[in-house]
Amino acid sequence: MAVSRRGDAAGFMFCQLCGTTLSFTLTDYAQCPRCKFKKNAAELSGREICYKVTAEDMRRDLGISSFEGKIEVKDMEINKKCEKCSNTNLKFSTRQMRSADEGQTTFYHCPKCLHTFSEN
């Protein structure tokens with residue numbers, strides 16, 4: 001994650017004694033919740049911290065590995081009758097087309113007549 005700080009050195013919102021993030025309990029000063037160190041609010045005025053979160057940062061934080069390559073989807077075979085030519089050896093695949101609490105959509109493909117149809 002890229003962190004850009006404007007206006008001061010890197011740690012202006014952290015306690016100088018223990019490193020804990022300072023909290024604003026009153027408008028006059030920021031205080032460390034751990035050791036009670038106080039920093040005058042005027043010292044912090046006009047400063048900001050900006051964060052830039054990349055897709056790679058999100059994948060790393062969520063434990064998702066990035067995939068570089070081609071995904072091959074293989075159809076499975078089923079003993080089901082084709083609506084068009086009555087062939088009983090169809091191929092099928094499933095996909096989640098609607099919300100997760102609803103069933104998958106099954107797509108059937110006839111290798112004989114190339115007819116394709118689906119069932120929800």
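The legends below describe close-up views of a predicted model of a protein chain.

**View 1. Confidence along the predicted chain.** The protein chain has an average pLDDT of 80, and 84% of its residues score at least 70. Among the elements of the chain, the lowest mean pLDDT, 42, belongs to strand β1 (residues 2-6), whereas strand β8 (residues 105-109) has the highest, 90. Over residues 1-8 the pLDDT stays under 50, although the model has 22 contacts beyond four places in sequence for this stretch. Where pLDDT is low, the predicted coordinates should not be read in detail.

**View 2. The open sheet β6-β7-β8-β9.** Four strands form this open sheet, in the order β6-β7-β8-β9, and their pairing is antiparallel. Strands β6 (76-78) and β9 stand at the edges with a single partner strand each, so that one side of each is left without a neighbour in the sheet. Neighbouring strands of this sheet are turned against each other by 35° on average, with direction ignored. At one edge, β6 runs antiparallel to β7 and is joined to β7 by 3 bridges, and in this pair Ile-78 stands opposite Leu-90 of β7.

**View 3. Strand β8 and its two neighbours.** On one side, β8 runs antiparallel to strand β7 (residues 90-95), with 5 bridges joining the two strands. Across this pairing Lys-91 stands opposite His-109 in β8, and Thr-94 stands opposite Thr-106 in β8. Towards strand β9 (residues 116-119), β8 is joined by 4 bridges, again in the antiparallel sense. Here the bridge partner of Thr-106 is Glu-119 in β9, so a view centred on Thr-106 can take in both Thr-94 and Glu-119.

**View 4. The hairpin of β8 and β9.** Strands β8 and β9 form a hairpin with 6 residues between them, and Leu-114, which lies in the turn, has a positive phi of about 70°.

**View 5. The open sheet β2-β3-β4.** Three strands form a further open sheet in the order β2-β3-β4, with antiparallel pairing. The edge strands are β2 (23-24) and β4 (38-40), each of which pairs on one side only. Strand β2 and strand β3 (residues 29-31) pair in the antiparallel sense over 2 bridges, and Phe-24 stands opposite Ala-30 in β3.

**View 6. Cysteines without a disulfide.** A disulfide is a covalent bond between the sulfur atoms of two cysteines. A search of the whole structure finds 0 disulfides, and two cysteines illustrate how the sulfur distances bear on that result. For Cys-35, the closest cysteine sulfur is that of Cys-15, at 3.5 Å, which is too far for a bond because the cut-off requires the two sulfur atoms to be within 2.5 Å. Cys-35 is partly exposed, with a relative accessible area of 33%. For Cys-85, the closest cysteine sulfur is in Cys-110, at 3.7 Å, again too far for a bond. Cys-85 likewise counts as partly exposed, at 27% relative accessibility.

Note on methods. Residues numbered from 1 in each chain as written. Predicted model: local features only at pLDDT ≥ 70, side-chain atom pairs only at ≥ 80, totals over all residues. Heavy atoms only, no water. pLDDT = per-residue confidence, 0-100. Contact = heavy atoms within 4.5 Å. Pairing = 2+ DSSP bridges. Buried < 20%, exposed > 50% of the residue type's maximum accessible area, 1.4 Å probe, protein only. Axes fitted to C-alpha atoms, helices over the stretch in contact; angles between N-to-C directions.
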